[in-house]
Amino acid sequence: MAHSLPALPYAFEALEPHIDAQTMQIHHDKHHQAYVDNLNKALAGSGAEDKSLDELMASISTFPAGVRNNGGGHWNHSLFWSVLGPNGGGQPSGKLADAIHAAFGSVDSLKEKINAAGATRFGSGWAWLIVKEGKLEVCTSPNQDNPLMDVAEVKGTPIFGIDVWEHAYYLKYQNKRGDYLAAVWNVVNWAEVSRRFEAAL
Ligand code: MN3
């Protein structure tokens, strides 16, 4: 089974004014589609065409760079669309809220930590909230790497992530990555982050 682009679970303009429709359309239909297409090309004839994306991440060191970059791109963007939403923002609740308070003291302090991580990731990459041995941690990865990869510096299960590639924000925010990071919190789908948190435990 070839890998395929998941449909965006809301309209391109659904995250306005925080993330603009044109950015969403190009990001999903062009960038993510290209990761999927190039992953399928990179896997063709490798014998690993039937491996799941999670299986690829766990043994990514055994694959060429094309699988790492494009497989990571496909995994990361599939998570990204799901943890954003038109009725997002507000506060997390339940077990996730308890775990955030235990790990970071407050939701605001978690936001500061992820924003600082995203702002200081040099070049392109991702800022992550991960579950590691039952606890929450913030980390970053370069390019399209992620914490599920066997090559990751910090390993864990991502439950939320922010794409800090310029293609994610440049049309609306230009060089102001910090303004984009601050705006993303208005469209976080906390229900999905909670679901992923409980699944990761
Ligand atoms: Mn991207």
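Helix 4 (residues 94-104) lies across strand 1, strand 2 and strand 3, and runs at about 75° to strand 2. Helix 8 (residues 190-200) also lies across strand 1, strand 2 and strand 3, in this case running at about 145° to strand 3. The model is a predicted one, and the sheet beneath these descriptions is a convenient place to begin reading it.

The sheet is open and consists of three strands in the order 2-1-3, paired in the antiparallel sense. Strand 2 (135-142) and strand 3 (157-163) form the edges, each pairing on one side only. On average, neighbouring strands of the sheet are turned by 25° against each other, with direction ignored. Eight bridges hold the antiparallel pairing of strand 1 (residues 125-132) with strand 2, while six bridges join strand 1 to strand 3, again antiparallel. Two pairs of facing residues help to fix the register by eye: Lys132 stands opposite Lys135 in strand 2, and Ile130 stands opposite Pro158 in strand 3. Although strand 3 is an edge strand, it is mostly covered, with six of its seven residues buried.

The loops next to these strands contain two backbone features to look for in a Ramachandran plot. Glu133, in the loop between strand 1 and strand 2, has a phi near 50°, a positive value in a residue other than glycine. With a relative accessibility of 79%, Glu133 counts as exposed. Asn143 is not a glycine either, yet has a positive phi of about 55°; its place is in the loop between strand 2 and strand 3. Asn143 is partly exposed, its relative accessible area being 41%. A further backbone feature belongs to the segment before helix 1, where Pro17 is placed: a cis peptide bond joins Glu16 and Pro17, with omega at about 0°.

Next comes the packing of the nonpolar side chains. The largest nonpolar core has 55 residues, and the members that touch the most others are Ile114, Leu129, Leu136, Phe160, Ile162, Tyr180 and Trp190. Strand 1 supplies the largest share of this core, with six residues. For Ile162, leaving aside residues up to four places away in sequence, the contacts are Phe80, Ile114, Gly125, Trp126, Ala127, Tyr180, Leu181, Val184 and Trp185.

The metal site is built from well-separated stretches of sequence. Four protein donors surround the manganese ion at 1.9 to 2.1 Å, namely His27 (NE2), His77 (NE2), Asp163 (OD) and His167 (NE2). Along the chain these donor residues follow the spacing H-x49-H-x85-D-x3-H. His27 in helix 1 (residues 21-43) and His77 in helix 3 (residues 65-82) are 50 residues apart, so this pair links distant parts of the chain. Both histidines are shielded: His27 counts as buried at 1% relative accessibility, and His77 is buried with a relative accessible area of 0%.

What of the charged side chains? Side chains of opposite charge can pair when their charged atoms come close. The structure holds three salt bridges. One of them connects Asp145 with Arg68, whose closest N and O atoms are 2.7 Å apart. This pair, too, links distant parts of the chain, with Asp145 in the loop between strand 2 and strand 3, Arg68 in helix 3, and their positions 77 residues apart. The two partners differ in their surroundings, since Asp145 has 9% relative accessibility and counts as buried, whereas Arg68, at 28%, counts as partly exposed.

Helix 8 provides a local counterpart. There Arg195 forms a salt bridge with Glu192, the closest N and O atoms being 2.8 Å apart. Because Arg195 and Glu192 are three residues apart in helix 8, about one helical turn separates them. Glu192 also forms a salt bridge with Arg196, with 2.9 Å between the closest N and O atoms. Glu192 and Arg196 are four residues apart in helix 8, again about one turn of the helix. The shared partner joins Glu192, Arg195 and Arg196 into one network of salt bridges. Within that network, Glu192 is buried with a relative accessible area of 14%, Arg196 is buried as well, and Arg195, at 46% relative accessibility, counts as partly exposed.

Note on methods: Residues numbered from 1 in each chain as written. Predicted model: local features only at pLDDT ≥ 70, side-chain atom pairs only at ≥ 80, totals over all residues. Heavy atoms only, no water. Donors = N, O, S within 2.8 Å, 3.2 Å for Na, K, Ca; no water. Buried < 20%, exposed > 50% of the residue type's maximum accessible area, 1.4 Å probe, protein only. Pairing = 2+ DSSP bridges. Axes fitted to C-alpha atoms, helices over the stretch in contact; angles between N-to-C directions. Contact = heavy atoms within 4.5 Å. Core = buried A, V, L, I, M, F, W, Y, C linked by side-chain atoms within 4.5 Å. Salt bridge = Lys/Arg side-chain N within 4 Å of Asp/Glu carboxyl O.
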